[in-house]
Amino acid sequence: MRSSLLLCVALAVSLGTILVAGYPVSPDDEEYVLVNNKCQCVTVTSRFVPSQENPDEEVLERNIRIIVPLKARENISDPLSPLRTTFVYRLSELCKTCKPIEIELGGAIHQAQQGNSCEEPQTCYTYDRNQCYSSPVPLLYHGEVRQVPAALTPASCFAE
């Protein structure tokens, strides 16, 4: 039973099938946010719009908004690293959900996750405001210079 679940997940991933649950942009809007990746500055939304060929039909419209940070560094935690000149976006990686969920299959509850590359670190083009970033800075303390970590995103590093 478990092997058939893994086979179905592997087949869906290899075929590029992505099942994504979204949430509405606003309560009275029919546009749904599928991806809101603050780390790579990407938002993917979808909504149904009337077809241009046949106004009686609706077609699914996807909007992909990418904000390219012009002063992004290769290493975002190092202000002396060179400016980033290459930005790579893969929709399959943006849409993957690494948080395991529980599903019921054949009367038994199993944990499953979408994707098998969740251990690989994600390349961030700007700070993810939900993650704590720090960088070592020199501090003169009792005549001695020490390297201490300084928060680059203080709101996410310290509890209120």
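Visitor: In the hairpin of β5 and β6, which residue takes a positive phi?

Guide: In this predicted model, the residue is G106, whose phi is near 65°, and the hairpin has two residues between its strands.

Visitor: What makes β5 and β6 a pair of strands?

Guide: Two strands pair if at least two bridges are found between them, and strand β5 (residues 101-105) and strand β6 (residues 108-112) share five bridges in the antiparallel sense. Five bridges satisfy that rule, so β5 and β6 count as paired. Within this pairing, E102 stands opposite Q111 in β6.

Visitor: How do you know that β7 and β8 pair, and in which sense?

Guide: The rule asks for at least two bridges, while β7 and strand β8 (residues 144-151) have eight, in the antiparallel sense, so they too count as a pair. L140 has V145 in β8 as its bridge partner. The hairpin of β7 and β8 has two residues between the strands, and H142 in this hairpin takes a positive phi near 55°.

Visitor: How many helices and strands does the chain have?

Guide: The chain has three helices and eight strands, which follow the pattern α-β-β-β-β-α-β-β-β-β-α when read along the sequence.

Visitor: Why is the link of C39 and C124 called a disulfide?

Guide: Two cysteine sulfur atoms must lie within 2.5 Å, and the S to S distance of C39 and C124 is 1.6 Å, so the pair meets the definition. With -110° about the S-S bond, this link is left-handed. C39 sits in the loop between β2 (32-37) and β3 (42-50), and C124 in the loop between β6 and β7 (134-141), so that the pair links distant parts of the chain, 85 residues apart. Both C39 and C124 are buried, and a search of the whole structure finds one disulfide.

Visitor: How do you know that C41 is in no disulfide?

Guide: The nearest cysteine sulfur, that of C39, is 8.0 Å away from C41, whereas a disulfide needs the sulfur atoms within 2.5 Å, so C41 is left without a partner.

Visitor: Is C41 buried or exposed?

Guide: Buried means under 20% relative accessible area, and C41 has 17% relative accessibility, so C41 counts as buried. Of the 160 residues of the chain, 22% count as buried.

Visitor: Which residues make up the largest nonpolar core?

Guide: The largest nonpolar core has six residues, namely L34, V35, V42, V44, L94 and C95. At least two residues of this core come from each of β2, β3 and α2 (91-95). Leaving aside neighbours within four places in sequence, V44 is in contact with several residues, including L34, V35, R62, I64 and L91. Apart from the largest core lies another, of five residues, among them C39, C124, Y127 and Y133.

Visitor: Why are F87 and Y125 called an edge-to-face pair?

Guide: Rings pair if their centres lie within 6.5 Å, and planes over 60 degrees apart count as edge-to-face. The ring centres of F87 and Y125 are 4.9 Å apart and their planes are at 80°, so both conditions are met and the pair is edge-to-face. F87 lies in the loop between β4 (58-66) and α2, Y125 lies in the loop between β6 and β7, and the two are 38 residues apart.

Visitor: Are F87 and Y125 buried, exposed or partly exposed, and what makes them so?

Guide: Y125 has a relative accessible area of 4%, which is under 20%, so Y125 is buried. F87 has a relative accessible area of 23%, which lies between the limits of 20% and 50%, so F87 is partly exposed.

Visitor: What makes the rings of Y89 and Y125 edge-to-face?

Guide: Their centres are 5.5 Å apart, which is within 6.5 Å, and their planes are at 75°, which is over 60, so this pair is edge-to-face. Y89 lies in the loop between β4 and α2 and Y125 in the loop between β6 and β7, so the pair ties together parts that are 36 residues apart in sequence. At 23% relative accessibility, Y89 counts as partly exposed.

Visitor: Which residues do the ring pairs link into a cluster?

Guide: The count comes to two aromatic pairs, and ring pairs link F87, Y89 and Y125 into a cluster.

Technical notes
Residues numbered from 1 in each chain as written. Predicted model: local features only at pLDDT ≥ 70, side-chain atom pairs only at ≥ 80, totals over all residues. Heavy atoms only, no water. Helix = DSSP H or I, 4+ residues; strand = E, 2+ residues; numbered from the N terminus. Buried < 20%, exposed > 50% of the residue type's maximum accessible area, 1.4 Å probe, protein only. Core = buried A, V, L, I, M, F, W, Y, C linked by side-chain atoms within 4.5 Å. Contact = heavy atoms within 4.5 Å. Phe/Tyr/Trp six-rings, centres within 6.5 Å; stacked < 30°, edge-to-face > 60°.
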